[in-house]
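Student: Could you take me through one part of this model up close? I'd like to look at a single helix and what surrounds it, and then step back a little.

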2 protein chains.
Amino acid sequence: MKKDCAHKHTHQRQELSTLTGRLRRESHKITGPRAAILEILRHHPHPLTNKEIHAELREGECDLATIYRAMQLLGKLGMVKRFDFGDGVARFELVGEGDDGHHHHLICTQCAEVVEIAECFPTEVEQRIANQNGFRSVTHRLEFFGVCPDCQ
Amino acid sequence: MKKDCAHKHTHQRQELSTLTGRLRRESHKITGPRAAILEILRHHPHPLTNKEIHAELREGECDLATIYRAMQLLGKLGMVKRFDFGDGVARFELVGEGDDGHHHHLICTQCAEVVEIAECFPTEVEQRIANQNGFRSVTHRLEFFGVCPDCQ
DNA sequence: CATTAATTGCAAATTGTTTGCAATTGATTC
DNA sequence: GAATCAATTGCAAACAATTTGCAATTAATG
């Protein structure tokens with residue numbers, strides 16, 4: 001069911017050196033596990049779970065706990081963005097330089113295929129919601145769910 | 001920080017008998033625990049976690065596992081809707097009769113205050129997203145996050 | 001009130017994620 | 001390149017949310 005690259009990615013793949021450079025700049029070590037993880041993320045434009053990342057790595061190349069720690073670090077540095085498809089598992093996607101990674105997905109409820117979506121919630125409406133309720137710094141989390149062509 | 005009833009609820013509180021009736025109609029028993037749970041939900045217009053529901057109940061009135069099972073049943077019957085605030089904990093809200101419970105929230109990232117939001121993602125745009133990708137039965141999950149007046 | 005299937009409590013199992021700690025390893029300095 | 005030191009890792013144990021097996025209990029029904 002699950003197709004391999006129906007995903008249209010808007011941002012181009014970052015160089016590994018760009019990524020490690022950013023880590024190094026923040027006074028973090030470029031270790032084997034980290035390079036391997038970044039390498040996986042670079043080649044997967046979809047959001048990946050920690051377990052999926054772990055499965056992509058060679059046997060014994062990196063402990064699962066290390067992946068959790070790496071994702072936490074990369075998240076803090078704004079290099080990956082965490083997505084939540086409502087199934088209680090965190091997923092991560094690499095964020096382009098200067099980008100904040102804000103975007104949404106359309107997920108097949110049958111086969112879990114993921115399509116990246118360009119559309120976003122209208123800014124004016126979000127602004128109005130914020131104002132009406134006196135909230136500041138309002139953002140949103142938005143994902144679409146449906147049945148993909150192959151699963152209908 | 002957390003205010004008690006800033007939440008504006010659109011739907012009016014359902015009678016307990018209405019709720020139990022629905023359960024009975026589906027050939028399920030009206031047990032002490034279930035009545036107690038429905039009673040809690042009836043009086044709380046916000047999404048509640050299983051643990052919160054458990055805390056509201058009197059000591060020993062109902063096991064936590066029973067609440068998990070009840071929410072699963074009520075969910076299947078469409079009597080409660082599950083919400084996901086991205087913190088890995090499921091929250092549930094009673095759904096009005098005939099309603100599908102689809103709506104969104106604005107959540108304070110500091111104190112977790114929850115405001116129910118009337119706005120929704122534009123149907124035309126959602127339709128277009130579905131068509132463009134050949135998906136059917138598309139819905140969405142949408143929540144807003146920001147800092148509430150009290151926490152600024 | 002007896003019967004029966006649904007439901008419960010309790011404990012144990014699962015799953016995703018975090019953490020303590022001793023051993024290892026980058027980066028830096030000489 | 002070797003010494004040094006803090007950052008990082010693997011591994012196991014700890015956690016938290018949720019699920020499940022099973023024997024005991026209970027609501028509905030006649």
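Tutor: Here is a walk around helix 1, followed by the pairing of the chains and a few backbone oddities. Keep in mind that this is a predicted model.

Let's start in chain B. Helix 1 there covers residues 16–25, and its buried residues are Leu19(B), Thr20(B), Arg22(B) and Leu23(B). Look down the helix axis and those buried residues fall within an arc of 155 degrees, so they line one face of the helix. On the face turned away from that buried side you'll find the exposed residues Ser17(B), Arg24(B) and Arg25(B). And what sits over the buried residues? The cover includes helix 2 (32–42), helix 4 (64–76) and strand 3 (90–94), which belong to chain B as well. Just past the end of helix 1 of chain B, Ser27(B) takes a positive phi of about 55 degrees.

Now hop over to chain A for the packing of helix 1 (residues 16–25) on helix 2 (residues 32–43): their axes come within 10 Å and cross at roughly 135 degrees. Angles over 145 would count as roughly antiparallel and 65 to 115 as roughly perpendicular, so helix 1 of chain A ends up oblique to helix 2 of chain A. The contact itself is made by Leu16(A), Leu19(A), Thr20(A) and Leu23(A) from helix 1 of chain A, against Arg34(A), Ala35(A), Leu38(A), Glu39(A) and Arg42(A) from helix 2 of chain A. As for handedness, the crossing of these two chain A helices is right-handed.

Stepping back to the pair of chains, a rotation of 180 degrees with 0.0 Å of shift along its axis puts chain A on chain B, with an RMSD of 0.0 Å. That is the relation of a two-fold axis. Of the chain A residues, Leu142(A) comes closest to this rotation axis, with its C-alpha at 2.2 Å. The copies meet through the same surface, because 100% of the interface residues of chain A are also interface residues in chain B.

Last, the backbone. Most residues other than glycine have a negative phi, which makes a couple of spots in chain A worth a glance. Ala112(A) has a positive phi near 70 degrees; you'll find Ala112(A) in the loop between strand 4 (104–108) and strand 5 (114–117) of chain A, and at 37% relative accessibility Ala112(A) counts as partly exposed. Ser137(A) has a positive phi too, near 50 degrees, but Ser137(A) lies in strand 6 (residues 136–147) of chain A. With 62% relative accessibility, Ser137(A) counts as exposed.

Methods: Residues numbered from 1 in each chain as written. Chains lettered and ligands numbered in written order. Predicted model: local features only at pLDDT ≥ 70, side-chain atom pairs only at ≥ 80, totals over all residues. Heavy atoms only, no water. Helix = DSSP H or I, 4+ residues; strand = E, 2+ residues; numbered from the N terminus. Buried < 20%, exposed > 50% of the residue type's maximum accessible area, 1.4 Å probe, protein only. Least-squares fit on C-alpha atoms with pLDDT ≥ 70 in both. Contact = heavy atoms within 4.5 Å. Arc of directions from axis to C-beta. Axes fitted to C-alpha atoms, helices over the stretch in contact; angles between N-to-C directions. Parallel < 35°, antiparallel > 145°, perpendicular 65-115°, else oblique. Left-handed = near helix turned anticlockwise from the far one by under 90°.
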